[in-house]
Amino acid sequence: MKPMLLAPLAALLLAACNPSAASDDAFGKKVRAYLLENPEVLEEVAEKLNEKKQQAALKASTAALSKHRAALEQDPRDLVANPQGRITVVEFYDYRCGYCKVVAPEVVKLIQENPDVRFVFKEFPIFGQVSDTAARVALTPAAKSKGVELHSRWMSEKSLNDAAIDRHLTELGLKPAEVRKAAQDPAIDRQIADVRALAGALNLEGTPAFVVGDVIIPGADVNALRAAILSARAGGLKRPA
């Protein structure tokens, strides 16, 4: 915020607490006049309030990490790249999320260049029916056997649809009809429901979202992701006692 704008307003507010101040009506008129003359103050206050809310939400999310650590990092149902890696990165994503698509090549590069990074993929479909279908298909044994390659193919589609889902399955030697049938397994529904509940517990409202140790990285911030990995590698990420 700009002190030169807020200082007069602060003076008015302090005056309201002074018994010798003018009547409430007069005070109200002064505040109104000031805000009408400086409407940008309201924008600055709104921005600051939103910033504080985001910080509070992030703090609550971080506090929840230790409680949900096993579900986050050790769910045997998840697709995992570099399973022997000592540093765990978790990504919540949607195959129709534009920012997920932007960051996907960097994710693959990170996995290939850092064998000590264990990467956990969390299917978190939030963009409608095609997203739901892709997530369910991806969690079938046949699709999971294709690992990161299928993930990369779907992320490379500008706007993934049912035809593209089946085309990539076919190109990888799978039979779409059989895979889609397997995707109806109630166990897959439960897994996706569990991921949604986990995202809710961590206050994750969008995709992509990454977790590295006790650090939550909302959005496609590759630099922050790489910095968190470097910190973890150096032992800089401490879990709460």
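Trainee: What phi does Gly-173 take, just after H9?

Mentor: In this predicted model, Gly-173 takes a positive phi of about 85° just after H9.

Trainee: And the other end of H9, which residue caps the N-terminal end?

Mentor: Asn-161 does, with a side-chain oxygen 3.2 Å from the backbone nitrogen of Ala-163.

Trainee: Which residues of H9 are buried?

Mentor: Helix H9 covers residues 162-171, and Ala-164, Ile-165, His-168 and Leu-169 are buried in it. Viewed down the axis of H9, the buried residues fall within an arc of 135°, so they line one face of the helix.

Trainee: Why would residues three or four places apart point the same way?

Mentor: An α-helix has 3.6 residues a turn, so residues with that spacing point the same way.

Trainee: What covers the buried residues of H9?

Mentor: The cover includes helix H6 (129-138), helix H8 (147-156) and helix H10 (176-182).

Trainee: Changing topic to the sheet: in what order do the five strands come?

Mentor: The order is E1-E3-E2-E4-E5, in an open sheet with mixed pairing. Strand E1 (79-81) and strand E5 (215-218) stand at the edges with a single partner strand each, so one side of each has no neighbour in the sheet. From one strand to the next, the twist averages 20°.

Trainee: Parallel or antiparallel, how do E2 and E4 pair?

Mentor: Strand E2 (residues 87-93) and strand E4 (residues 209-212) pair in the antiparallel sense, over four bridges. Val-89 has Val-212 of E4 as its bridge partner, and Glu-91 has Phe-210 of E4.

Trainee: Which helices pack on this sheet?

Mentor: Helix H5 (residues 98-113) lies across E1, E2, strand E3 (117-123) and E4, and runs at about 150° to E3. H8 also packs on the sheet, where it touches E1, E2 and E3, and its direction makes about 100° with that of E1.

Trainee: Back to E4, which residues are buried on its two faces?

Mentor: Ala-209 and Val-211 are buried on one side, and Phe-210 and Val-212 are buried on the other. Both faces of E4 are therefore covered, given that buried means under 20% relative accessible area.

Trainee: How many bridges link E4 with E5?

Mentor: Four bridges, in the antiparallel sense. One of the pairs joins Val-211 to Ile-216 in E5. The hairpin of E4 and E5 has two residues between the strands, and Gly-213 takes a positive phi near 65° there.

Trainee: What about the peptide bond from Thr-207 to Pro-208, cis or trans?

Mentor: That peptide bond is cis, with omega near -5°. Pro-208 is found in the loop between helix H11 (186-201) and E4.

Trainee: Which residue other than glycine in the loop between H11 and E4 has a positive phi?

Mentor: Asn-203 lies in that loop, and its phi is near 60°. Asn-203 counts as partly exposed, at 37% relative accessibility.

Trainee: Where does Asn-82 lie, and what is its phi?

Mentor: Asn-82 lies in the loop between E1 and E2. Its phi is positive, about 50°, although Asn-82 is not a glycine. Asn-82 is partly exposed, with a relative accessible area of 22%.

Trainee: Last, the whole chain: how many helices, and what share of residues is buried?

Mentor: The protein chain has 12 helices and five strands, and buried residues make up 41% of its 241 residues. The accessible surface comes to about 13,100 Å², of which 57% belongs to carbon and sulfur atoms.

Definitions and conventions:
Residues are numbered from 1 along each chain as its sequence is written. This is a predicted model: local features need pLDDT of at least 70, side-chain atom pairs count only at pLDDT 80 or more; totals for chains, interfaces and linings use all residues. Side-chain values use heavy atoms; hydrogens and water are left out. Buried means under 20% relative accessible area, exposed over 50%, partly exposed in between (1.4 Å probe, protein chains only). The arc is that of the directions from the helix axis to the C-beta atoms. Contact means heavy atoms within 4.5 Å. A polar contact is a pair of N or O atoms within 3.5 Å; within protein, one must be able to donate a hydrogen and the other to accept it, and residues adjacent in sequence count only if both atoms are side-chain atoms. Accessible areas come from the Shrake-Rupley method with a 1.4 Å probe; for residues, only the protein chains shown count as cover. Two strands pair if DSSP finds at least two bridges between them. Axes are lines fitted to C-alpha atoms, for helices over the stretch in contact, and angles run from 0 to 180 degrees between N-to-C directions.
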